[in-house]
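Thank you all for coming. I would like to walk through one model with you this morning, so please have the display in view while I talk.

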Amino acid sequence: MKVSITSKQQNNLMKRKEVSFSVDHSENGGTPTRAQVSNQLASLLKVKRELVYITNMQTKTGTMTTVGDCL
């Protein structure tokens, strides 16, 4: 499972970062769980796991790629 950040924005009003990400999960075969993706994103963003909240996560039809958003 390879997680990459596609965009990152700072929301000053809410005092948080809004991140869009992409997950390539071709070697595992199945869609990863939100917990697995949260752990990877936390390590990429260098924050605690509890601070990562995934709002949306969808697998594109016919591919082994999942895209989503998190706060």
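Let me begin with β1 and strand β2, residues 16-24, which pair in the antiparallel sense over nine bridges, and within that pairing Ser7 stands opposite Ser20 in β2. I should say at once that this is a predicted model, and what follows should be heard with that in mind.

Stepping back to the whole sheet, we have four strands in the order β1-β2-β4-β3, forming an open sheet with antiparallel pairing. Because β1 (2-11) and β3 (54-59) stand at the edges and have a single partner strand each, one side of each is left without a neighbour in the sheet. The twist from one strand to the next averages 15°.

Moving across the sheet, β2 and β4 run antiparallel and are joined by six bridges, with Gly68 in β4 as the bridge partner of Phe21. Between β3 and β4, also antiparallel, there are five bridges, and here Asn56 has Asp69 in β4 as its bridge partner. The hairpin of β3 and β4 has five residues between the strands, and in this hairpin Gly62 takes a positive phi near 80°.

Which residues of β4 point to the buried face? Along this strand, residues 65-70, the side chains alternate, so that Thr66, Gly68 and Cys70 point to one face and are buried, while Thr65, Val67 and Asp69 point to the other and are not.

Cys70 brings us to the interior, since the largest nonpolar core counts it among twelve residues, the others being Val3, Val19, Phe21, Val23, Val37, Leu41, Ala42, Leu45, Val52, Ile54 and Met57. At least two residues of this core come from each of β2, α1 (34-45) and β3, and α1 gives the most, with four residues. Looking at one core member, Val23, and leaving aside its neighbours within four places in sequence, we find contacts with Met1, Lys2, Val3, Pro32, Val37, Met64, Thr65 and Thr66.

Now to the loop between β2 and α1, where His25 is found. Is His25 buried or exposed? At 2% relative accessibility it counts as buried, and its side chain reaches the backbone oxygen of Gly30 at 3.3 Å. Beyond its neighbours within four places in sequence, His25 is in contact with Gly30, Thr31, Pro32, Thr59, Met64, Thr65 and Thr66; Pro32, Met64, Thr65 and Thr66 also appear in the contacts of Val23.

Turning to charge, side chains of opposite charge can pair when their charged atoms come close. The structure holds one salt bridge, formed by Arg16 with Glu18, whose closest N and O atoms are 3.6 Å apart. Arg16 is partly exposed, with a relative accessible area of 29%, and Glu18, at 26% relative accessibility, likewise counts as partly exposed.

Finally, a word on two lysines with backbone angles that deserve a mention. Lys15, in the loop between β1 and β2, has a phi near 55°, a positive value in a residue other than glycine, and it is exposed, with a relative accessible area of 74%. Lys46, in the loop between α1 and β3, has a positive phi of about 60° although it is not a glycine, and at 75% relative accessibility it too counts as exposed.

I will stop there, and I am happy to go back to any part of the model.

Conventions. Residues are numbered from 1 along each chain as its sequence is written. This is a predicted model: local features need pLDDT of at least 70, side-chain atom pairs count only at pLDDT 80 or more; totals for chains, interfaces and linings use all residues. Side-chain values use heavy atoms; hydrogens and water are left out. Two strands pair if DSSP finds at least two bridges between them. Axes are lines fitted to C-alpha atoms, for helices over the stretch in contact, and angles run from 0 to 180 degrees between N-to-C directions. A nonpolar core is a set of buried Ala, Val, Leu, Ile, Met, Phe, Trp, Tyr and Cys residues joined through side-chain atoms within 4.5 Å. Buried means under 20% relative accessible area, exposed over 50%, partly exposed in between (1.4 Å probe, protein chains only). Contact means heavy atoms within 4.5 Å. A salt bridge is a side-chain nitrogen of Lys or Arg within 4 Å of a carboxyl oxygen of Asp or Glu. A polar contact is a pair of N or O atoms within 3.5 Å; within protein, one must be able to donate a hydrogen and the other to accept it, and residues adjacent in sequence count only if both atoms are side-chain atoms.
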